[in-house]
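Student: I would like to learn how to read a protein model step by step. Could we begin with the idea of burial and then move on to the backbone and the whole chain?

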Amino acid sequence: MVYGAVSEEDGLYIRHVPREEWSLVAILDALSGLGLHAEHVDPTRGDFTERIQLFDVAFLNVHGPYGEDGRIQGLLDYLSVPYTSSGVLASSIGMDKLASKAVFAYLGIPVPRGVPIIRPGAAQIPADFSYPAMLKAVDGGSSVGMALINDPADLAHEIRALRERGFRRLFLEEFIRGRSVTVSAFESAEGLTVLPPLEFITESDYYDESTKLGGSGAPRVEYRVPDDLLPHVFKELSDRTASVYEFLGCRGAVRVDYMIDENGTGYALEVNTIPGLQEHSNLPVSCGFEGITYQELIATLLLDAIESAEPAPWAVR
């Protein structure tokens with residue numbers, strides 16, 4: 001099981017979440033329950049490439065840059081080690097929020113208006129851009145590297161703050177008022193399964209990193225399957241998630257996040273190609289509502305990795 005602080009997203013998680021609640025612990029328990037031998041392999045250690053080749057398949061549980069952006073996927077492809085999650089192309093596009101927005105738009109999926117931040121100042125922002133708005137790191141990961149901008153006078157300060165954290169590519173995005181939902185999908189022997197939308201109910205202004213991480217003092221968050229979505233909205237979210245999955249050639253499980261405005265329009269925000277696997281994370285919770293146990297989910301992801309593996313041409317396994 002591949003897990004380690006490869007990015008700020010994973011580093012935040014490791015520092016703020018008690019070890020007994022780590023997805024690492026839950027996944028290893030599930031694999032053990034399936035009668036499989038599994039070990040924790042840290043990709044930040046110098047012996048990673050040697051150790052990972054000792055295993056039949058790598059279960060990826062890394063996020064953000066270096067974990068979810070295609071780099072570790074490309075390494076494993078060259079080593080001819082099968083792995084869970086999507087390949088290089090889908091991973092790299094999914095990690096890049098601007099590239100993802102371009103894909104969404106190409107597929108006819110509504111997206112919030114966005115403007116890349118080229119310089120530290122705000123001179124490049126169109127005069128008609130409305131506030132509040134979201135300042136986001138292009139490759140910050142899910143819920144990481146974001147700031148809500150209520151006053152354009154605060155923009156320069158927030159840009160500097162994100163750049164001081166190491167985020168270089170930023171963009172400003174229209175703030176959609178409405179309902180935050182995510183739609184998970186995964187591949188199995190039966191084909192692509194798209195789970196019902198899962199709504200986040202939170203006291204926070206948006207689903208930020210503190211809300212996602214939880215812990216003492218974090219804003220309260222509740223997940224539910226909304227039963228008041230109009231049938232056409234429900235179907236649109238499902239169909240759009242499936243089209244993203246298929247267009248990018250994803251594997252394993254993904255999650256597409258949306259904002260639904262007061263008119264019922266679902267705006268796609270990002271695609272997450274390695275959804276979190278804490279037992280109370282979005283994907284496992286969505287599965288639970290459909291009667292899919294955590295162990296069944298882990299087994300499905302592992303089996304898909306094995307069945308979809310394509311050894312490198314020079315590999316003899």
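Tutor: Let us start with the cut-offs: a residue is called buried when its relative accessible area is under 20%, exposed when it is over 50%, and partly exposed in between. Please keep in mind throughout that this is a predicted model.

Student: Where does Glu 187 lie, and is Glu 187 buried, exposed or partly exposed?

Tutor: Glu 187 belongs to strand 5, which covers residues 179-188. Its relative accessible area is 23%, and because values from 20% to 50% fall between the two cut-offs, Glu 187 is partly exposed.

Student: Which residues is Glu 187 in contact with, leaving aside its neighbours within four places in sequence?

Tutor: For a contact we ask for heavy atoms within 4.5 Å. With those neighbours set aside, Glu 187 is in contact with Leu 192, Tyr 245, Gly 252, Thr 300 and Asp 304. As a separate exercise in distance, take Gly 94, which is 93 residues from Glu 187 along the chain, and you will find their C-alpha atoms separated by 17 Å.

Student: Which sign does phi have in Ser 80, and where is the place of Ser 80?

Tutor: Ser 80 has a positive phi of about 60°, although it is not a glycine, and it sits in the loop between helix 4 (71-79) and helix 5 (88-95). Ser 80 is also buried, with a relative accessible area of 6%. The loop between helix 4 and helix 5 holds Ser 85 as well, where phi is positive too, near 90°, in a residue other than glycine. With a relative accessible area of 8%, Ser 85 is buried.

Student: What is the peptide bond from Tyr 131 to Pro 132, cis or trans?

Tutor: To read a peptide bond, look at the angle omega: from Tyr 131 to Pro 132 omega is near 10°, and the bond is cis. Pro 132 is found in the loop between strand 1 (114-117) and strand 2 (133-137).

Student: How many helices and strands does the protein chain have, and how compact is the chain?

Tutor: There are eleven helices and ten strands in the protein chain. The radius of gyration is 19 Å, close to the 20 Å that the globule rule gives for 317 residues, so the chain is as compact as a globular protein of that length. Of those 317 residues, 53% count as buried. Finally, among contacts between residues at least 6 apart in sequence, 65% join residues at least 24 apart.

Definitions and conventions: Residues are numbered from 1 along each chain as its sequence is written. This is a predicted model: local features need pLDDT of at least 70, side-chain atom pairs count only at pLDDT 80 or more; totals for chains, interfaces and linings use all residues. Side-chain values use heavy atoms; hydrogens and water are left out. Helices (H or I, at least four residues) and strands (E, at least two) are DSSP runs, numbered from the N terminus. Buried means under 20% relative accessible area, exposed over 50%, partly exposed in between (1.4 Å probe, protein chains only). The radius of gyration is taken over C-alpha atoms; the globule rule is 2.2 Å times the number of residues to the power 0.38.
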